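Subject: Structure handover

Dear colleague,

I am passing on the structure we discussed, together with notes on what turned up in it. Please look through the notes with the model open.

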Amino acid sequence: MELNRRTVIAGAAAAGMAATTLGGTAHATGGRKPVKKLFGKLADGTKVYSWSLENGGTRLKVLSYGGIVQSLEIPDRRGRYANVSAGFDNIEDYVAKSPYFGALIGRYGNRIGKGKFTLDGKDYQLSVNDGEQSLHGGAKGFDKRVWDVEPFTKGSDVGLHLYYTSVDGEMGYPGTLKTKVTYTLTRHGDWRIDYEATTDKATVVNLTSHVYWNLAGAGSGTIEDHELQIAASRFTPTDSGLIPTGELAKVAGTPFDFTRAKAIGRDIRTSHPQLVTAKGFDHNWVLDKGITARPEHVATLRDPASGRSLKIATNEPGLQFYSGNFLDGTLTGPTGRIYRQGDALCLETQHFPDSPNKPSFPSTVLRPGQTYRTTTVHTFGC
């Protein structure tokens with residue numbers, strides 16, 4: 001039985017229980033003003049800052065570089081804290097090695113086939129950085145930019161406003177895109193992301209967050225025993241370049257059926273051609289709810305051993321589930337442990353990959369006078 005999280009946190013604080021991963025003790029609910037510290041410097045001398053937030057029993061650390069979630073700590077069923085987001089403890093590794101650990105992704109989350117699309121009769125060639133494809137905005141996407149950060153407190157909520165302006169032609173995209181992303185920790189410990197963007201020229205936009213989750217604790221081992229449920233009866237199969245074919249295939253009777261919660265490892269080693277091509281799960285699920293005015297619950301992830309759970313709500317039509325297939329043991333986290341294949345997973349709320357080249361997919365076009373808005377809410381349990 002999943003305990004009431006606030007009861008666990010309050011009980012742990014009263015008992016003075018120690019946090020297991022990063023030190024310190026569990027705290028009762030209550031917001032804390034964001035704290036800014038120097039995290040490091042880029043090669044050109046640009047300073048990168050970290051912002052630490054705490055509210056409702058959730059502790060969040062965010063970098064100005066890439067809007068990266070450097071750590072996110074939550075308690076288990078016994079009130080013991082662990083960082084459940086994979087990352088590094090230094091800016092050099094984020095710059096040189098990161099597979100998008102914890103980053104804000106833009107202008108276009110996921111892949112665009114051969115880095116090309118046509119909009120209003122004009123052809124555009126994007127930065128290509130994943131074989132023949134453009135991935136996550138190109139070689140220097142939003143994940144590799146320094147964002148302006150403004151902390152805030154509002155009622156019982158605490159958070160950060162992050163700002164970045166992408167100039168016309170950056171990574172090949174048309175239009176100057178003004179982007180604002182808001183991270184909020186609520187009094188209940190939920191982590192909410194609100195994305196906004198405007199443009200002065202027709203363009204395509206698909207923003208998302210690339211946190212690598214392991215609810216047992218980052219660097220603690222495989223996520224194959226995590227249980228996952230996704231409210232989606234279809235997914236988008238891909239070709240050998242991991243670009244959607246355009247088909248909306250049924251998940252029923254395949255390893256892609258997560259309509260009922262199941263262990264991630266149950267079917268991941270089967271010989272389904274799509275799993276062989278991607279070396280695991282790296283696909284977009286077509287959410288049954290479609291595009292909605294408000295965030296609706298679409299996925300639940302749970303670690304049976306610790307009792308930690310994550311529920312995701314969004315107004316987006318798709319969810320990319322990536323099972324950490326390309327983690328290869330060459331990266332080391334803050335605990336000194338390496339990240340191996342399948343040691344973390346991503347659940348990226350989004351529009352579909354390659355939508356600019358798939359007229360049947362929901363449109364990702366943004367025009368002058370319009371405002372791109374989307375919201376995703378992460379709710380943690382124990």
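The notes below cover the sheets, a few single residues, the salt bridges and the cavities.

Please keep in mind throughout that this is a predicted model.

Sheets

Nine strands make up an open sheet with antiparallel pairing, and their order is S11-S12-S13-S14-S29-S23-S22-S17-S20. Its edges are strand S11 (148-154) and strand S20 (262-263), each of which pairs on one side only.

At the S11 end, S11 and S12 are joined by seven bridges in the antiparallel sense. Lysine 154 is found opposite aspartate 157 of S12. The hairpin formed by S11 and S12 has two residues between the strands, and glycine 155 there has a positive phi near 60 degrees. Strand S12 (residues 157-166) is mostly covered, with seven of its ten residues buried. S12 also pairs with strand S13 (residues 177-185), again in the antiparallel sense, over nine bridges. Within that pairing, histidine 161 has threonine 182 in S13 as its bridge partner.

Further along the order, strand S17 (residues 227-230) and strand S22 (residues 296-302) form an antiparallel pair with four bridges. Here glutamate 227 faces arginine 302 in S22.

Another open sheet has five strands in the order S19-S18-S21-S24-S27, and the pairing is antiparallel. Strand S19 (249-250) and S27 are its edge strands, each pairing on one side only. Two bridges connect strand S18 (residues 234-236) to S19 in the antiparallel sense. Phenylalanine 235 is opposite alanine 249 in S19.

Two loop residues

Glycine 265 sits in the loop between S20 and helix H3 (273-278). With a relative accessible area of 23%, glycine 265 is partly exposed, because the partly exposed class begins where buried ends, at 20%. In sequence, glycine 265 is 43 residues from threonine 222, and the C-alpha to C-alpha distance between the two is 9.2 Å.

Threonine 364 belongs to the loop between strand S27 (346-350) and strand S28 (365-366). Its relative accessibility is 6%, so threonine 364 counts as buried. Apart from neighbours within four places in sequence, threonine 364 makes contact with Tyr108, Thr203, Val204, Val205, His351, Ser355 and Pro356.

Salt bridges

How many salt bridges does the structure hold? The count is 17, and the following are among them.

Aspartate 130 and arginine 111 form a salt bridge at 2.9 Å, N to O. Aspartate 130 is in the loop between strand S9 (122-125) and strand S10 (134-135), while arginine 111 is in strand S7 (residues 111-112), so this pair ties together parts that are 19 residues apart in sequence. Aspartate 130 is partly exposed at 25% relative accessibility, and arginine 111 is buried at 7%.

Aspartate 76 pairs with arginine 80 in a salt bridge, with 3.1 Å between the closest N and O atoms. Aspartate 76 is buried, its relative accessible area being 5%. Arginine 80, at 31% relative accessibility, is partly exposed.

In the salt bridge between lysine 358 and aspartate 354, the closest N and O atoms are 2.5 Å apart. Both lysine 358 and aspartate 354 are buried. Elsewhere, Glu54, Arg59 and Glu73 are joined into one network by salt bridges that share partners.

Cavities

Searching the whole structure gives four cavities of 30 Å³ or more. The volume of the largest cavity is about 80 Å³. Which residues are closest to the centre of the largest cavity? Of the 13 that line the largest cavity, they are Ser209, Leu347, Glu348, Thr349 and His378. Two or more lining residues come from each of strand S14 (191-199), strand S16 (208-210), S27 and strand S29 (372-381). By class, the lining of the largest cavity consists of six nonpolar, six polar and one charged residues.

S27 links several of these notes: S27 is an edge strand of the five-strand sheet, it contributes to the lining of the largest cavity, and it precedes the loop that holds threonine 364.

Regards

How values were computed
Residues numbered from 1 in each chain as written. Predicted model: local features only at pLDDT ≥ 70, side-chain atom pairs only at ≥ 80, totals over all residues. Heavy atoms only, no water. Buried < 20%, exposed > 50% of the residue type's maximum accessible area, 1.4 Å probe, protein only. Contact = heavy atoms within 4.5 Å. Salt bridge = Lys/Arg side-chain N within 4 Å of Asp/Glu carboxyl O. 1 Å grid on protein atoms, 1.4 Å probe; cavity = no way out; pocket = protein on both sides within 12 Å on 5 of 7 lines; lining within 4 Å. Points joined across faces, edges and corners; volume = space filled by probe spheres on them. Nonpolar A, V, L, I, M, F, W, Y, C, P; charged D, E, K, R; others polar. Pairing = 2+ DSSP bridges.
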